[in-house]
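Here are my notes on the model, as numbered points. Please read them with the structure open.

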Amino acid sequence: MVIGTGADALRLGLKGRLDAAGAEAVEAAFTAQVAGAPGDVLVDIAGVPFAGSLGIRMLISAGRVATRRGRRMILVAPQPPVAEVFSVVALDDLIPVVADEAAALALLAA
């Protein structure tokens with residue numbers, strides 16, 4: 001799950017479906033990584049072909065954990081169907097969703 005760390009942010013990656021089973025399988029470890037991050041968190045979701053309601057809830061919950069700790073969590077590189085779902089539920093009103101890591105780093109620098 002941890003892709004790398006850097007001076008700008010912790011990089012996490014999620015792969016697979018974020019449906020009920022997928023979210024349940026990764027939620028505890030994912031949230032712990034976000035909670036323990038020393039700074040902001042970039043979450044690469046390019047490997048996520050589907051995000052259902054429980055997967056979205058998991059992301060919102062982890063985003064709130066980051067916010068409570070004074071950090072930002074940014075979702076990076078969603079596949080088009082996932083980006084469409086995020087847009088419909090207005091997830092980007094709660095958690096920034098960007099097309100690539102360069103856009104995420106620009107957002108962090110702003």
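1. α2 gives the most to the lining of the largest pocket, namely four residues. The pocket itself has a volume of about 170 Å³. Of its 13 lining residues, Gly63, Thr67, Leu94, Ile95 and Pro96 are the closest to the centre. The elements that give two or more residues to the lining are α2 (53–68), β4 (73–76) and α4 (101–109). By type, the lining holds eight nonpolar, two polar and three charged residues. Here Ala, Val, Leu, Ile, Met, Phe, Trp, Tyr, Cys and Pro count as nonpolar, Asp, Glu, Lys and Arg as charged, and the others, Gly among them, as polar.

2. Some ground rules. The model is predicted: local features need pLDDT of at least 70, side-chain atom pairs count only at pLDDT 80 or more, and totals for chains, interfaces and linings use all residues. Residues are numbered from 1 along each chain as its sequence is written, and side-chain values use heavy atoms, with hydrogens and water left out. Helices (H or I, at least four residues) and strands (E, at least two) are DSSP runs, numbered from the N terminus. A pocket is an open set of points on a 1 Å grid over the protein atoms alone, where a 1.4 Å probe fits, with protein on both sides within 12 Å along at least five of seven lines; lining residues have an atom within 4 Å of a point. Grid points are joined across faces, edges and corners, and a volume is the space filled by probe spheres set on the points.

3. How does the span of α2 fit its 16 residues? At 1.5 Å a residue they should span 22 Å, and the end C-alpha atoms are 22 Å apart, so the two agree. The expected span is 1.5 Å times one less than the number of residues. The buried residues of α2 (under 20% relative accessible area, 1.4 Å probe, protein chains only) are Gly55, Ile56, Met58, Leu59, Ile60, Ala62, Gly63, Val65 and Ala66. Their cover includes β2 (10–15), α1, β4 and α3 (80–88). Just after α2, Gly70 takes a positive phi of about 75°.

4. Ala104 lies in helix α4. Its relative accessibility is 0%, so Ala104 counts as buried. Leaving aside neighbours within four places in sequence, Ala104 is in contact (heavy atoms within 4.5 Å) with Leu42, Ile74, Val76 and Val98. The C-alpha atoms of Ala104 and Leu75 are separated by 8.1 Å, with their positions 29 residues apart along the chain.

5. Asp40 deserves a look. Asp40 lies in the loop between α1 (20–36) and β3 (41–47). Asp40 counts as buried because its relative accessibility is 14%. Its side chain reaches the backbone nitrogen of Arg72 at 2.7 Å. Beyond neighbours within four places in sequence, Asp40 is in contact with Asp8, Ala9, Leu10, Arg71, Arg72 and Leu108.

6. Two alanines need a backbone check. Ala77, in the loop between β4 and α3, has a positive phi of about 65° although it is not a glycine. Ala77 has a relative accessible area of 22%, so it is partly exposed (from 20% to 50%). Ala90 is in the loop between α3 and β5 (97–98). Phi of Ala90 is near 55°, also a positive value in a residue other than glycine. Ala90 is partly exposed, at 28%.

Technical notes. Polar contact = N/O pair within 3.5 Å; in protein donor to acceptor, adjacent residues only side chain to side chain.
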